[in-house]
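Subject: Structure for you to look at

Dear colleague,

I am passing on the structure we talked about, and I would be glad if you could open it alongside this message. My notes on it come just after.

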Amino acid sequence: MKIAVLPGDGIGTEIVEQAVRVLNALDLKLEMETALVGGAAYDAHGHPLPEATLKLAKEADAVLFGAVGDWKYDKLDRPLRPEQAILGLRKNLGLFANFRPAICYEQLVGASSLKPELVAGLDILIIRELTGDIYFGQPRGRRVSPDGHFPGAEEAFDTMRYTRPEIERIARVAFEAARKRNKRVTSVDKANVLETFQLWKDVVTEIGKEYPDVELDHMYVDNAAMQLVKAPKKFDVVVTGNMFGDILSDAAAMLTGSIGMLPSASLNSSNQGLYEPSHGSAPDIAGKGVANPLATILSAAMMLRFSLNQAAAADRIEAAVQKVLAQGLRTPDIHSEGTTKVGTREMGDAVLKALG
Ligand code: IPM
Ligand code: MG
């Protein structure tokens, strides 16, 4: 089992280090190879996703990814910005299915910005399509506006588009996932305005007929945003396009009060996957040893479960994380009165110890 380890920028290196320590403690035959990605790769090789890094990722069974990005790269041309590394990996590896669970841990209910009764026990799964939509749709660019409100003015444009097979396969992923959970899928669209999402809605409805045991409902994205903060526990599996999924998954993450706790998985059709925390590179706290490594450690657990077929090892990691939370250990992002504040490495130590 080969893992490409891509720590990236900011807190990426610190948090991935802890996840690697945990993986090494499991007595599995894991081969891990590290490479530069994002701003770090740009600094060293002039490109955020160097050929060698992409090759390593393609050849591996799974990629363990930290985070990319720093304000200091904001002035670079778009193709050279750190974010292009993650978009390039998604595209080149065909990672179309993005799993973003939002789970509110019992011990962290107080950290949510919503009232405890709204989030206690929250366990929703956002499934975001990751290789289509306006993120990758062509044509895109800048030009002189040929028509519209201001002909002749400078204009920029992107294209929202989805093909039927792209919608079919992500819909199936969502229905299959729902079967293993509470058997409900909410498909989020904007069919009232957009052609792309009328097709989305039609196709998801058709695929839904193959899954009569799963309850399907449809929601416009604006309403979904509202329902997420009004009654989030009503959702089970949410399936949506790339752009809406980007936005809704951040909102869902924050409901749990602890974006530092949330893992994510991005899979292709052969179950090769990229695993990363749902949070970013947090340059403001990078190098200080205070970042929460739990989202990355939990991402490593997802990797063992989904891409490496090691469910027992994944269970061990998840149980260990529960245990350190029960012991009251907290990094600053989730710290509250009456709990023990620890740093990144100490949290890693505690998880290692809790693995038993
Ligand atoms: C995410 C991020 C990325 C996205 C950025 C960094 C390109 O926001 O993974 O949600 O927009 O997909
Ligand atoms: Mg995002």
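What follows covers one strand with its partners, and then the ligand.

Please keep in mind throughout that this is a predicted model. I began with strand β8, which spans residues 184-189 and is mostly covered, since five of its six residues count as buried. Strand β8 pairs with β9 (residues 215-220) in the parallel sense, and six bridges connect the two; within that pairing, S187 has H218 of β9 as its bridge partner. Between these strands comes helix α7, residues 195-208, and β8, α7 and β9 together form a β-α-β unit that is right-handed. Strand β8 also runs parallel to β10 (residues 237-240), to which three bridges join it, and here T186 is partnered by V238 of β10.

The second part concerns ligand 1, whose surroundings are made up of E83, R90, R100, R128, Y135 and D246. Three arginines in that list place a polar side-chain atom at a short listed distance from an oxygen atom of the ligand: 2.7 Å for R90, 2.8 Å for R100 and 2.8 Å for R128. Taken alone, ligand 1 exposes 320 Å², and 71% of that area is buried by the protein.

If you look at one place in each part, I would suggest S187 with its partner H218 in β9, and then R90 with its polar side-chain atom 2.7 Å from a ligand 1 oxygen.

With best wishes

Notes. Residues numbered from 1 in each chain as written. Chains lettered and ligands numbered in written order. Predicted model: local features only at pLDDT ≥ 70, side-chain atom pairs only at ≥ 80, totals over all residues. Heavy atoms only, no water. Buried < 20%, exposed > 50% of the residue type's maximum accessible area, 1.4 Å probe, protein only. Helix = DSSP H or I, 4+ residues; strand = E, 2+ residues; numbered from the N terminus. Pairing = 2+ DSSP bridges. Right-handed = clockwise from strand over helix to strand, strands pointing away. Near = heavy atom within 4 Å. Polar contact = N/O pair within 3.5 Å; in protein donor to acceptor, adjacent residues only side chain to side chain. Areas by Shrake-Rupley, 256 points an atom, 1.4 Å probe, with all protein chains shown as cover.
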